[in-house]
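Thanks for coming. I have a short item today, so please look at the screen while I bring up the sequence and the model.

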Amino acid sequence: MKKLIKWFQDHANRYTVFGGLIGLAFVLLNFLLFKSSLSEKVTFNLLWQEIKQRPIHIIILLSPVILSSVMRLLGKPVAKALQQANAIIRENQTLRTENTDFDQLEKVISRGKKEWETIFDTVQNSILVVKQDGTVSRANLAAVRWLGTTFQGVINKPIEELLFGDFSSNRNMSLLRGETRLPGKEGWYDISQYSVKIEGDEVTSTIYTIHDITDRKKAEATIRQQKEYVEALVKYNPVAITTMDLQQNVLSCNPAFEKLFGYSQQELIEKGPDLLFSDDPSGTAEALAYTRKILDGNTVKYIGQRTRKDGTMADVEMLGVPVLVENEMVGVLELYLDITELVSARRKAESANQAKSEFLANMSHEIRTPMTGIIGMINLTLDTELNDEQYHFLLNARESSQALMRLLNDILDFSRIRAGRLTLETIEFDLRSVVENVIHTLSSHAESKGLEIAGLVAPGTPTLLKGDPGRLRQVLFNLTENAIKFTPAGEISILAEMKQETADNVTVRFAVKDTGIGISQERQDAIFERFIQADGSTTRKYGGTGLGLSISRQLVDLMGGEIKIQSQMNQGSTFYFTAVFEKQAKHALISKQFPKKLQGIRILVTDDSAANRHFISRMLETFGAQVTAMPSSSQAIEAIQKASAEKKPYRLLVLDMQMPELESRTVLKAISNNPNLHDLRILLMTSLAQRLGTGRLREFGVDSYILKPITQNILYDSIMSIFGLKEVWKPLTARLPSGTKVLSELQRRRIRILVAEDNHINRQLVVSMFTKQGYQLVAVENGKLAVERLEKEHFDLVLMDVQMPEMDGFDATRKIRLTPGPNQRIPIIALTAHAMAGDEQRCLAAGMDGYLPKPLDPEATFNLIDKLARGDIREGEPIRPEIMKPPSRPTPVKHSEEPVELEKALPRFSNDMSFFTDLLGVFLESTQEKLEEFKDSIYNKNYDILAVRAHNMHGVAKNFSATRLATASQKLFDAASAKQNTAIEGLVDQVEDAINELKAYHASLLKDI
């Protein structure tokens, strides 16, 4: 096919084919004309005859051959002519292409020239092209600007003149290269020379490039200065310093390192840091571990020992930091501070401290042994027949011995803590009792500041445990007292809940939360150190030594737990700590349940305190109630009305008496005025200061009320009593087991004591004494309130002050004995400051069972109550403490140098110096008002009222063992009772002098705390 196409492309062949085709067309046309002229069918014979008759047909038949031959002859010259024409066309095309390429080359050359000139002028360095004769033939824009002239001012000008100006004589331009300064020009320049020979030129030109390096030179100078500064710091630094690379190869060390360890820098570089651990392979591993931490990007600080070249050990504090360059670690910097002398001094101090603590412990033990014998012999002697003088002397001897024993116990505890010998007891106790007692003990303090205090042992937490309840109470007391101290407004809450339980042990988690001033983040770790508080202003404003938290941390550690804090400034604090206790053999979990009649009862709790709402709700839910809690009185009224309309009424409303939105009286009136709510029982929660009288409560439809803080047992008993399901209490002596000398924690928790005392200082002191021992205590201000309380609640014992406003102790006792009921024969013990022989008869005549003299002796008081609980006192036998055998004649008062006999006073305050000081301050704040009342009574000649007030001050003074104030107020009482008006004014002055002396003593105590 390709050959055929090539053959056809030849012009002669093509013309031959065209001639043949034209000849065939003549033949065909002739045949068609012949056929059209005949009417019959064309046959061969007929066609032959036509050819014979007309010879022209023969020529026509031969026309294809003839025309092909003719056309072939004509095609040869045409083909030749066409070949020549094509050759000419190709030559023209080639010439045209060459012309186009030349034009494009000119454009490329022109563009390249412009680009080169642009680049030449864009270069920031100055460029000068100098001919062999020294004149400038070419310069870029940067050079023109640097020289401060124009292109015309540069071209064909001598380079010496341009660069050196007036300084151009005798300049060797061949030496002008490298970093140099130019005369008459500021800064430094880097000059380079390049010899070039341009094609077509016969001479060689020189290109000068001038780079301004002034900024670089300044930076290098700054870096050099900083380097020298850092090197000087390292060289003259008294701290030993070494540097290492990432492969832990030593790069350098300073002279302080060489001096400390005795190794030269070359030795350290060659042998590495293992030199410092030649005798301690474990130290090498430790150091490598620290180095790896540093290489991981951490800063490491630790204290250890390193070996010197002479083999001695150096105590050092090491700090290791990563060295970063442009955020990339390049090595390690290690600093060694020599603390050998400091460690040696600390070890000597610790040794001396240990020796001192051991000495104190040994001495206290040695002295306790004979002191125990002395006290025992005194007690035995007191049981023999003695005259009054002998008995008085022995009482004083026993009191002094007991004070000395208490002092020795304090020294022993102190020395145990300092010597690390403090151990814990393991006895059975009730966890709920411990928590509730702490709350009751501090409730008066909290109430005095207007704070709410609440506590809860979470449901499901075992409460009968084995451990040291005294130490646990101490920790809770410290944390709660701190919370009260540093909380100006709001609430305090204590929560105990089980964190972990095994077959034998329980880990309990305690949380003491407040809404106080808070502690800053940076001070939270420091507050657990000894004698440290949040900051100096805290000590000035709130007082205290900061020792309590440190002791608490040590106790928590001993109990197998840990203590932490979460706090924010001005938002309060929460102290958390855990403790591990053993389970008691049986009844490890105590849970009270409502009887079937009350199961599922709907109860509404209304209290503005979130902690109270939460804790009370959880208590009630544990009993089996359905509880709804509301924060406001208006919401409570709405909820009660809605529940009544939906036929799902609440059966009980537990209402806080003092609500910020609507007072409780408004709520109670709204309920009493709604006939659909008459079946709703109401339990009112109130504090001692906000209490309503019984008559007013009944008027408002209140079924019962309980004092805050609320405990689970009291709440349960109150609800059971409201619905008439409370068991009838049996006499005290029948309910408690006998046969033991000291009541257990659980037994004391079951004893409810009512105290009637009009003086708030004495009342707070009694509450603290009894609740710390585990008793349940309720305090009222006078005999009338005591009678009202006994009408609706059960108590096991009444401590009744004799002289009180509204109704004194004698009248109150008579009314109790005349009122039928379970409390008609309740034991009543009088509290009196007289303690004379005739006073006992007056108490017994009024229906009391005995009396205790003020100030209360803690040991004698608790022994008496324990004996009463065990039934060791026969019916009808007067109740008196063992030490009560008053002498026939008064004892002369011997004044000590201090206005307070602290050894006698502290046991009444549970040996809590802080509590004693705080309460003394509260008392002294009220003395100015009492002095004015004394003077008003004298002016109005109300000697009876003056006697009562003087007697009240005498009782408080004796509780504080403030002997001078007690003596002066006793004399004032005697004079007022006898109406000796001539001596009264002078005695008031004596009382005032004693108060001022007591204030100065109190101020000195605050400085020592």
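I will go through two helix pairs and then one serine. Keep in mind that this is a predicted model.

A word on terms before the helices. Two packed helices are described by the angle between their axes and the distance between the axes.

The first pair is H31, residues 913-940, and H32, residues 943-959. Their axes come within 9 Å and cross at roughly 160°. Angles over 145 degrees count as roughly antiparallel, so H31 and H32 are described that way. The crossing of these two helices is left-handed. On the H31 side, the residues in contact are Phe923, Lys930, Glu933, Phe934, Ser937 and Ile938. They meet Ile945, Leu946, Arg949, Ala950, Met953 and Val956 of H32. By type, the contact of H31 with H32 has 8 nonpolar residues, 1 polar and 3 charged.

Next, H18, residues 610-623, packs with H22, residues 712-722. Here the angle is about 60° and the axes are 11 Å apart. H18 and H22 are therefore oblique to each other, and their crossing is right-handed. H18 contributes Ile616, Met619, Leu620, Thr622 and Phe623, while H22 contributes Gln712, Leu715, Tyr716 and Ile719. That contact of H18 with H22 divides into 7 nonpolar residues, 2 polar and no charged.

Last, the serine. Ser573 sits in strand E17, residues 572-583. Is Ser573 buried or exposed? Its relative accessibility is 4%, so Ser573 counts as buried. Its side chain makes a polar contact of 2.7 Å with the side chain of Ser567. Leaving aside residues up to four places away in sequence, Ser573 touches several others, among them Val512, Asp514, Ile519 and Ile565.

Key: Residues numbered from 1 in each chain as written. Predicted model: local features only at pLDDT ≥ 70, side-chain atom pairs only at ≥ 80, totals over all residues. Heavy atoms only, no water. Helix = DSSP H or I, 4+ residues; strand = E, 2+ residues; numbered from the N terminus. Buried < 20%, exposed > 50% of the residue type's maximum accessible area, 1.4 Å probe, protein only. Polar contact = N/O pair within 3.5 Å; in protein donor to acceptor, adjacent residues only side chain to side chain. Contact = heavy atoms within 4.5 Å. Axes fitted to C-alpha atoms, helices over the stretch in contact; angles between N-to-C directions. Parallel < 35°, antiparallel > 145°, perpendicular 65-115°, else oblique. Left-handed = near helix turned anticlockwise from the far one by under 90°. Nonpolar A, V, L, I, M, F, W, Y, C, P; charged D, E, K, R; others polar.
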